[in-house]
Every structure is written in structure tokens, then in C-alpha cells.
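Please open the structure in a viewer and keep the selection tool at hand. The tour below proposes one selection after another and states what is found at each stop.

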Amino acid sequence: MDIIVCVKRVPFTQEVDLEIDKSGKSIVTDGLAYVINDWDGYAVEEAILLKERIGGNVIAVTVGSEDDEEVLRRALAMGADRAIRIDTCGRSLDGLVVAKAVAAAIKGFPLDLVLTGVQADDDNQAVVGIMLAEIMGLSHAAVVRGIEPEEGSLKVRVELEGGIDEIRQVKLPALLTIQSGINEPRYVSVMGIRKAAKKELKVIGIDELGLSEADLALATEIEEVYLPPETGGAEMLSGDPSKLARAVIEIMRRKGVAV
Amino acid sequence: MGDILVFVEHRSVSLREVSLQIISKADELATKLAGRLTAVVLAAKADFLPSDFSSRADRLIVVEDERFSDFDFTAAAEVISKIIKEQSPHLVMMGHTPWGMDLGPALSVRTGLPLSTDCVDITLDGTRVKTVRQLYGGKLFARVSFRDDSKGCIITVRPGSFPVAASCGRKGELVRIENAANLPASSSRFIEYLDTGAGEIDITQAELLVSIGRGVGEKERIEEIRELAGLLGGVVSCSRPVVDRGWLPKYHQVGTSGKSVKPKVYLALGISGAFQHVAGIAGAGTVIAVNKDKKAPIFRVADYGVVEDLFAFSDALKEELGK
């Protein structure tokens, strides 16, 4: 099975206080650590699992600067065969432009399946995967947490709301956006990443893909960003752990829980 | 000008709450825009709609076909993009649900209309539509505008963002479209729904939930929380990261993709409070949150907050209970 997996490098912001930059439209990224987008880690692992199970070839693709090659090397270390970075050539991009660029870069490749994460940790838009599928004329399904290969199709498990999953048969070639928890992404060591440096990593400029200025035009604009409004919030309890424990037991009893 | 089109979702012959939320917001926007509100219902048979539903839209476009008994992307995208092209609405709205996440970006590519996803608010600047959405998992809000919305725009709305209006007093003209037979062959086929919520325990019936999040750190330490829950007479539940890591089975999960719960007391230990989780505890009587990060979003929705390491707190609680 020929599989392409799309990955993105994002800032790690858990337990980090974000600071808004001077433009008021973005955050200060100096000092932030960068990681592979959480959902994309699951997508890479799923691609490798499919390859290990039924054979094939996995190509990892990202759109970004040279620093972003770090996530391609991680994908290569996990087991991808080769990688492509589409250089932004200094342009600002949005989801649709990224989808067009990836579609142009992989045009003509033998292809059965494209995997992306459900969304990216940073802009949380969840659009690139499905847009890419539409541009390429692939079948698609969003929010997938299980894949079972069949002849000419895949049986997929789509995560709906309220603990309900939908089982759906999707014809190949297809694109699936992968939900977290579908597998357990394998650990890669620094040594593993170093070894994978031998694998092919090709760079193509977005300006070399034959896209017109109209193709590269942005559809939306962030006018401003702001921190979440402070809403009422919790009554904060204070004291040492024993005092806190007594206070919490007291609250539970008052609220009718027999403790 | 100013017309709004809403895609209505249903599942297992039942209208989905998110569609009522969206149509309520659409009613407010259509009134301000002096435009017509159209609801599109694709179903095998649209007899599940509540009797007052037609009063929520000026026009109800109903397409009945066996293929619409469940979500059929190919057929739905074909019908809706055709309606968009014929009617050129100012704004197209649908839920940021697993189906809307499939449909929204696809319709944007097919119709050329710009898209803003997972919006938590929609405002008007004159007749121009602007959205509010979250970045970095809710750590930041963004106000977003469309660069060229002269031909319209598409918005997917986060479930739970808007209340359901009592009634809207529109005239509800029914339009049936009968040409569903000409639809292209589907690229996917619905097989069945599976309930992942069935398990040894039922967290929806518990009076006290002792709920753990990513902060628990490792699977081995969950046993300590089980002991605590045992002493308190409560049931262990959790947030998504705990299930994603395979530390607890899915039937323990509280939130949008898990269960909505309604305990008298919800004790959240090491849960940051992502919106998907918080949506599942709206029915809880009292929420007590314990987190060592004093800026954790869970403190914005909890009734009581404790800034402490969850295991230090758990140990203290066990000691007090043992006295």
C-alpha cells in the first residue's frame, strides 16, 4: 500500500503561559519548545503499522521551514521510507493553500492512502486533510480511530459524539484524518533519528509547484488574538494538604455525598 | 442578500441538538441581516422533525432518499453544493461535528467559498460576517474575518456555543426536492453504529465521580486513585488523554466523545479542562478541581479549586478519611 502521511511541527504549549506579540495577531514563539503535532504522531504510527502489516511504502510530507524538518526526521525514524518538505518561500499560508501545495507536490505519485491528523495543536482548524482529499478527488473520512484494510476499501471507525462510533466502508484511494488514541506511537531515540538521516529528504519550494497567485491567496485573516476572558471561576481553597482535604470532605457532605 | 443556509443533522431518526443551537443563532443573524433562513434536511424520511421545527426557518428544503438514513458524504455534498450554487446564500452554517468536519472543508473547496471552522461566536460588522474561534486548545481566542466574502462564506459551529431559542416565528415554507436518484455513487458506505460506552461501570449514574486527567502521569498510579474512590464511595472516571494512552477503557471517559455525567460532586484530579471535557460535566452539581497549574482552565468552570499536586492531595484525603 502506498501511503502518504502529512505532518506539522507545532509549539508545545501545555502548561505554558502564552504571550501575545506586538502585532496583536499572533503569539511570542521565542523560548517555546516545538514538537510533532500530537494527532500527526498517531497518523505516522498508523501508516507504519499498515505498512508492517500489508507491505508498502510510506512518504512523510510537511510544509514549512528548514526547522520543520525535525518532524520529518522523526517520521523517518519511526519507519517512513522518505520525506518531502515543501518550503514556504517566506509566504504566509492557510489551510487551503497548504492543501493545494501538498496536492501539487504529490501529484502523479502512486497512492492508495493519505493520512493526516484530525487537526493541528496550534490553529485547531481541522481543514487541511479533507481539503486535500477534495482537491485530489479521494474518498475521505474525518475523525478516524480505527482502520481495517479490505479488498479495494477500508473499514474505518469514525468517532462520533457521546461514546458512539460509526463503522463505515471507504473506497480506496482515500484520505483519513486520524484521531488521537488510535494506536500507541512508538518511541524514537536520538540515535534512531540520527540513523534515519540517511533516508531521502527532498525539499521543493512552494513557488516551484506551478500554483498561481490566486491559488496562494489567503481566505481568512486573523484580526486580533486575545487571552480567554476571566469568568467568575472557582472559589480557591487554601491551606496545607490536610486542611484542604478536610475542607473538601466537608463540601462533599454538604452537597449530599455520604463520605 | 443576507440569506442563511443551515445544514441539519440527525442520527438514528432523531434531530441533533447542535442543529437546533445553530438554527437559533442563524435566526438572530438572519433577522439582523433582513435575510431569509433556509434549513436543509436530508433524510430517508423527515418525519422525526419536531412539530414546531418549521417555525424555525423561512424555508425548509427536504430531500428524502434512502441514502440519507445515515450520513452519506457523497450524496450530501452533491445536494448541498448544488443548493449553494443555486441560491448563493450570504452564510452557510453547520456543526463542527465529525460529519460537519467532513462536509465543511469539502464544500469550501467545491464552491470556492471561504471557511472558518469550530467557531464559538459569530458577529456582524454591517453585513460582513466575523467569527470567534479558539487557538492552542482554548489558550487563546482569535477574531477572524473573511478576505473575500462577496460570494458568501461557510462556518462550522462548535456544539454548545449557542442556546436553543424557544421558538422563532418564521413561516416554514416546505420545499421538497425529488431528484435524489440522480446522485453520484457513494465513495463510502454506512455499516453500523457501535456504543463504546458499555462497560463494567456506568459513570452516568454515579453520585460521586473521582476523575483523573493527564496529570496522573502514569498508568501504575491509577491504583492509588481507585483506592481513594473506594474510600470515598465514588466511581473513577477520566478525561480523554487517559483513554488515549490506554490507561483506562473508554467507558470511563467524560466529555464530548465520551459520556455526559451528572454526579452530585465531580472531583477533577489533574484535569486541565479542555472544552471537550468541560462539555461533559455541565450537569454536575458541584465541581471540585485539583491541579498544580493555577492557570488550568478547569478552575474557570469549577465551583471550588485546590492548587496542589494531585497525589499529595489524594494522600491527605485518604489520611483524613482514615481518622
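Begin with the lining of the second largest cavity in this predicted model. Its residues divide into 3 nonpolar, 2 polar and 3 charged. To display them, select B:Asp3, B:Ile4, B:Leu5, B:Arg36, B:Thr38, B:Arg59, B:Gln87 and B:Pro89. The space that these residues line has a volume of about 30 Å³.

Next, turn to the largest cavity, whose volume is about 100 Å³. Which residues line the largest cavity? Select B:Phe7, B:Val8, B:Glu9 and B:His10, then add B:Leu42, B:Phe68, B:Asp70, B:Phe71, B:Asp72, B:Ala76 and B:Trp99. This lining comprises 7 nonpolar residues, 1 polar residue and 3 charged residues. The count of cavities of 30 Å³ or more comes to 2. In general, rolling a probe the size of a water molecule over the atoms reveals where empty space remains.

The third stop concerns cysteines. A disulfide is a covalent bond that links the sulfur atoms of two cysteines. How many disulfides are there over all chains? The count is 0. Select B:Cys119 as an example: this residue is in no disulfide, and the nearest cysteine sulfur, which belongs to B:Cys153, lies 9.4 Å away. A pair of sulfur atoms would have to be within 2.5 Å to count as a disulfide. Is B:Cys119 buried or exposed? B:Cys119 counts as buried because its relative accessibility is 0%, where the cut-off for buried is under 20%. Now select B:Cys238, which also counts as buried, because its relative accessibility is 0%.

For the last stop, switch to a cartoon view and display both chain A and chain B. An open sheet of 6 strands can be followed in the order S13(A)-S15(B)-S14(B)-S13(B)-S11(B)-S12(B), and its pairing is parallel. Which strands form the edges of this sheet? They are strand S13 of chain A, at 235-237, and strand S12 of chain B, at 235-238, each of which pairs on one side only. On average, neighbouring strands of the sheet are turned by 25° against each other, with direction ignored. In general, the strands of a sheet pair through backbone hydrogen bonds.

Finally, zoom in on the place where the two chains meet in this sheet. S13(A) runs parallel to strand S15 of chain B, residues 304-306, and 3 bridges join the two strands. Select A:Leu237 to see the residue that stands opposite B:Val306 in S15(B).

Terms used
Residues numbered from 1 in each chain as written. Chains lettered and ligands numbered in written order. Predicted model: local features only at pLDDT ≥ 70, side-chain atom pairs only at ≥ 80, totals over all residues. Heavy atoms only, no water. 1 Å grid on protein atoms, 1.4 Å probe; cavity = no way out; pocket = protein on both sides within 12 Å on 5 of 7 lines; lining within 4 Å. Points joined across faces, edges and corners; volume = space filled by probe spheres on them. Nonpolar A, V, L, I, M, F, W, Y, C, P; charged D, E, K, R; others polar. Buried < 20%, exposed > 50% of the residue type's maximum accessible area, 1.4 Å probe, protein only. Pairing = 2+ DSSP bridges. Helix = DSSP H or I, 4+ residues; strand = E, 2+ residues; numbered from the N terminus. Axes fitted to C-alpha atoms, helices over the stretch in contact; angles between N-to-C directions.
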